[in-house]
Amino acid sequence: ERGRCVNLLLVGDGECREELKELIFRYGLESQVLIYGQTYNEEELALLLMGSQLCVSPGEVGLTAMHALAYGVPIVTHSNPCSQMPEFEAVLDGSTGFLFPDGDFNAMREVVAQYLDKPIDNVFSNCVDMIENNYNVAVQRERILAALENVRLR
């Protein structure tokens, strides 16, 4: 609709796969949309993520957020924390990702278009820093020990 050619990579599998294939064919999008399928292979995931500008997760974003951020890829997801997984807290609107109202497809599309038109500065480092500064083993260990110490002092 906007004259911008984008590619879509769908990673995962599910009950809508055949329906999606039909839609891709019906709209002549075979050269722009790839259904990669399910993979848990880290080398494959690394290549898929590093070749992406955004990771769009319209439903619950969980460990997908951690994975994408670790490779410097910002997340687009909905803003309802009650319908998200705990990893959602790593998605900071305008820094490590972009939020849209839950269930609002047009708003999601607008967020993606805005980012593709004007990517934010330092997005790669924002994403990687979020993981390195908050979600690595050493930091998590220190936070757990501090929490246990606080309980013990009471």
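Two strands count as paired if DSSP finds at least two bridges between them. The model described here is predicted.

## Overall layout

The protein has 6 helices and 5 strands. From the N terminus on, the elements run β-α-β-α-β-α-β-β-α-α-α. The C-alpha trace spans about 65 × 30 × 30 Å along its principal axes.

Of the 154 residues in the protein, 30% are buried. Among contacts with a separation of 6 or more, 47% join residues 24 or more positions apart.

## The three-stranded sheet

Strands of a sheet pair through backbone hydrogen bonds, either parallel or antiparallel. Here, 3 strands form an open sheet in the order β3-β4-β5, and the pairing is parallel. The edges are held by β3 (55–57) and β5 (97–100). Each has a single partner strand, so one side of each is left without a neighbour in the sheet. On average, neighbouring strands of this sheet are turned by 15° against each other, direction ignored.

The pairing of β3 with β4 (residues 75–78) is parallel and runs over 3 bridges. One residue pair can be named: C55 has I75 in β4 as its bridge partner.

## Helices on the sheet

Helix α3 (residues 63–70) packs on the sheet and touches β3 and β4. The direction of α3 makes about 155° with that of β4. Helix α4 (residues 105–117) lies across β3, β4 and β5. Relative to β5, helix α4 runs at about 155°.

## The α3–α5 contact

Two packed helices are described by the angle between their axes and the distance between the axes. For α3 and α5 (residues 123–134), the axes come within 7 Å and cross at roughly 115°. The crossing of α3 and α5 is left-handed.

Which residues of α3 and α5 meet? From α3 come M66, L69 and A70. From α5 come C127, V128, M130 and I131. By class, this contact of α3 with α5 has 7 nonpolar residues, no polar and no charged ones.

## The loop before α5

N122 is found in the loop between α4 and α5. N122 has a positive phi of about 60°, although it is not a glycine. Is N122 buried or exposed? At 54% relative accessibility, N122 counts as exposed, because the cut-off for exposed is over 50%.

## Strands β1 and β2

Strand β1 (residues 8–11) pairs with β2 in the parallel sense, over 4 bridges. Within this pairing, V11 stands opposite G37 in β2.

In a regular strand the side chains alternate between the two faces of the sheet. Strand β2 (residues 33–37) has a covered face made of V33, I35 and G37. The uncovered face of β2 has L34 and Y36. G37 thus appears twice here: on the covered face of β2 and opposite V11.

## Cysteines

A disulfide is a covalent bond between the sulfur atoms of two cysteines. How many disulfides does a search of the whole structure find? The search finds 0.

Why does C55 have no bond to the closest cysteine sulfur? That sulfur belongs to C127 and is 10 Å from the sulfur of C55, too far for a bond. The cut-off for a disulfide is a pair of sulfur atoms within 2.5 Å. C127 is also among the α5 residues that meet α3.

Accessibility sets C55 and C5 apart. C55 is buried, with a relative accessible area of 12%. C5 counts as exposed, at 61% relative accessibility.

How values were computed: Residues numbered from 1 in each chain as written. Predicted model: local features only at pLDDT ≥ 70, side-chain atom pairs only at ≥ 80, totals over all residues. Heavy atoms only, no water. Helix = DSSP H or I, 4+ residues; strand = E, 2+ residues; numbered from the N terminus. Axes fitted to C-alpha atoms, helices over the stretch in contact; angles between N-to-C directions. Contact = heavy atoms within 4.5 Å. Buried < 20%, exposed > 50% of the residue type's maximum accessible area, 1.4 Å probe, protein only. Left-handed = near helix turned anticlockwise from the far one by under 90°. Nonpolar A, V, L, I, M, F, W, Y, C, P; charged D, E, K, R; others polar.
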